Amino acid sequence: MIWGIFKRDMCHATRNVIAVIVSMGLVVVPALYAWFNIAASWDPYGNTKALKVAVANNDKGYKSDLIPVRVNVGETIISTLHANDQLDWQFVKSDKAIDGVKSGEYYAAIVIPKGFSADMMTLFSPDIKHAQLKYYLNEKINPIAPHITDQGATTVVNTIDKTFAKTIAQVGLDLASSILHYSQSPQMAEYMRNLNGNLTTMANTLSGASQQVTSYSQLLGSANDIVDSTGKLLASATKAGKQAQNALKQGKSGATSFTSAGANVTSSVNTALDQVSGAFDQVAAKVNKAFDAIGKDSDTAASQLATLSEQISSGESLYDTYITSLNHMRESVEQLPDSDSAKQALLEAIDREITLLEAAKGDSQKLAQQLKDASTQVTQDTAAAERSRKEILNRITSAKQSISNVRDDYATNVKPKIDALASTVSTLISQTDSMITQLSGTADGLDDVTGDVGTNVTSIRSTLGAIAKKLDSSAATVKELITKLETGGNAGDGNSDGGDGDNDADSGESDELRALATANASTLSTLISAPVALHRVSVYPIANYGSAMAPFYTILSIWVGAIILCAMLKVTISDREKAHVLGLGDTLPRIAGPSGPGNASRWGLRLDHEYFGRYAIFALLALLQGTLVCLGDTYFLGVQANHALQLLAVGWLAALVFSNIVYTLTVSFGDIGKAVAVVLLVMQVAGSGGTFPIETLPKFFQMLYPFLPFPHAIDAMHAAMAGSYGNEYLLDMVYLALFLIPSLLLGLVLRKPVIRLNNWVSRNLESTKVM
């Protein structure tokens, strides 16, 4: 029965040319609907070059001491937009730009105010102002154009932000580069050497001043101790003065005694020296006498010579006694003050006298030895004895001369100086007596002064200590500055080969600064203006906007095709067709009753036979619609299709499901079913998530979303085009196929109770003669 109905429908659809053309039109029209929409939205944001947007620059620029160049952000924006082809930028005056937006000549206008650069540069002042662009927009021309021009305005704002940051960075880097290059010039090197020299001199001066102040403080400390001691000394000055006066009185008598003793010593010395000289004359006479006896009585001569030798040896004690006296006198003279002019002369005279005495003593010793040697020779060799005689007499003469020299030197040098010393001691004692008397009178007056001086000295020392610390701190600061300058200079020259870790770190920082300043300033400023680059990684990438919109428009066209089929084809079977399928001729018997669904069931043509029999041609045409639109998307428009067969399968399944739903509604409710199908179309266009994310739609559509066939068909087609995550494609296909269940349930089961209602509605609509 089903096959018979389908076969007759195919014969009728191909009976004449008009029927074939109409059938072909039913297949092609939905595809055209999809293709036109997909082609129109293929690259909408790539075709915005014709949208006119006016730009007016009134910026006057800005210049300050911080940035010694004139900055005009507005001019930079205009230069940048000249190279931008995103929109059709029109560079006009501000008045024309505003009028053009009002008249519709321009979709939008951007006006850069006069103080735009100045407002942007307030970033470096305490009073920061937001630089504002004036954006004029005509929103009535086109609903999408404002969004596109908004994107263009956003581009301008981003350009301004990047340009401003780039300009500031460019100026800063150029300034740093200029400073670095100047710092490496010979002139700068000479300045640095002079600066280091001056700073070194300053540091040394500060250190020296600190040491000098410290020395002053220490000296004052010592002076304070002296003042304290002086106070104590002056306190006892009076008592000491009295004791000194008594001692000076004794000293006067001692000086007088010293003068008398000096005279007595002089007389005794002269007498002793005269005696020694006379003794030597006697020794000479005895020596001649002894040598004359040689030959007559040699033993007697030898005995006499030996006796003379012993006598002269015993006389050496006289020299020792005199030398000891002179040494004692010398010790007394050394105790005199160095300021005494007679002291040194007297010491020299005494030393010379001691030297002469020691020489005389040596001559006497040699004479005694020669006499002893001669006493042994006279008995042995007469000729040798005669030679000894001459030598002994010569030695006696030399010894007498030494004694004469001692006596003359004593009389000439020692005695006058002793007399002068005695006179000086007497005078000194008198002067000291007068001074002690004056000191005793002054001590009482100075006793109170020492206390005040001690207090003032302590205060001054505290102040000097603080000054010394400040000077040391300043010197250390200057030395640290010198070290940093030298370190920076070495790093700048690139000659730093070693050193400690700090120097290495400073050298590394200088190298980094040099690399930054010598690099391409334009590249660095660009990096600073946009430090973050967005690296877009597409997951399941779509080739273009047209491909992204293809699933929505394709599924939508298949639904539209199903509505067109129900609008152009009859969904009910006439009694004549039923009779031909049953082989009953051209009409059904009268007992079949009124024409309508199921009236031929007694002859075996049940309601389900009628449903599927007529739906067969709907399904065929729907499959042809789906096939054409999917193949056209892929091979005609070039829509992305990673899995073309899967894409075609989605079209087929969607064609069957959608055509069955619309067919069932139409069969069950007639024209009202067609209206419901259109309502479902509108709901799914808004709530399928094909254009905007479902999360952005109102709550009603979000709740309705899972129960509509469009979302599942669109998601399945997306998976076929770009790839499937897990079983995403199969699940969406299953969900889409599940919509056949309620459709078939309505068409085969629930349709019977509403047939009479539908017939009643149809009769009432026809009775209006309008519907």
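Modeller: Contact here means heavy atoms within 4.5 Å, and by that test arginine 614 touches Ile5, Asp9, Lys570, Val571, Thr572, Ile573 and Tyr663, once residues up to four places away in sequence are set aside. The model is predicted, with local features requiring pLDDT of at least 70 and side-chain atom pairs pLDDT 80 or more, while totals for chains, interfaces and linings use all residues. Residues are numbered from 1 along each chain as its sequence is written, and side-chain values use heavy atoms, with hydrogens and water left out.

Colleague: Why does arginine 614 count as buried or exposed?

Modeller: Buried means under 20% relative accessible area, exposed over 50%, and partly exposed in between, with a 1.4 Å probe and protein chains only; at 8% relative accessibility, arginine 614 therefore counts as buried. This arginine is found in helix α17, helices being DSSP runs of H or I of at least four residues and strands runs of E of at least two, numbered from the N terminus.

Colleague: What does the side chain of arginine 614 reach?

Modeller: The side chain of arginine 614 comes to 3.0 Å from the backbone oxygen of threonine 572.

Colleague: How do you know how α18 compares with the span expected at 1.5 Å a residue?

Modeller: The expected span is 1.5 Å times one less than the number of residues; for the 26 residues of α18 (644-669) this gives 38 Å, and the helix reaches 37 Å from its first C-alpha to its last, which is close. Of those residues, 19 are buried, so α18 is largely enclosed by the rest of the structure. Just after α18, glycine 670 adopts a positive phi of about 65°.

Colleague: Which residues have the most contacts inside the largest nonpolar core?

Modeller: A nonpolar core is a set of buried Ala, Val, Leu, Ile, Met, Phe, Trp, Tyr and Cys residues joined through side-chain atoms within 4.5 Å; the largest has 61 residues, and Ile555, Trp559, Phe618, Phe658 and Tyr663 have the most contacts inside it. Among the elements giving it two or more residues are α1 (2-13), α15 (545-568), α17 (607-637) and α18. A second, separate core of 16 residues includes Leu357, Ala360, Ile403 and Val406.

Colleague: What makes β2 and β4 edge strands, and why is one side of each left without a neighbour in the sheet?

Modeller: Strands pair if DSSP finds at least two bridges between them, and the open sheet of four strands has the order β2-β1-β3-β4 with mixed pairing. Both β2 (88-91) and β4 (134-137) have a single partner strand, so one side of each lacks a neighbour in the sheet. Strand β3 (108-112) pairs with β4 in the antiparallel sense over four bridges.

Methods: Polar contact = N/O pair within 3.5 Å; in protein donor to acceptor, adjacent residues only side chain to side chain.
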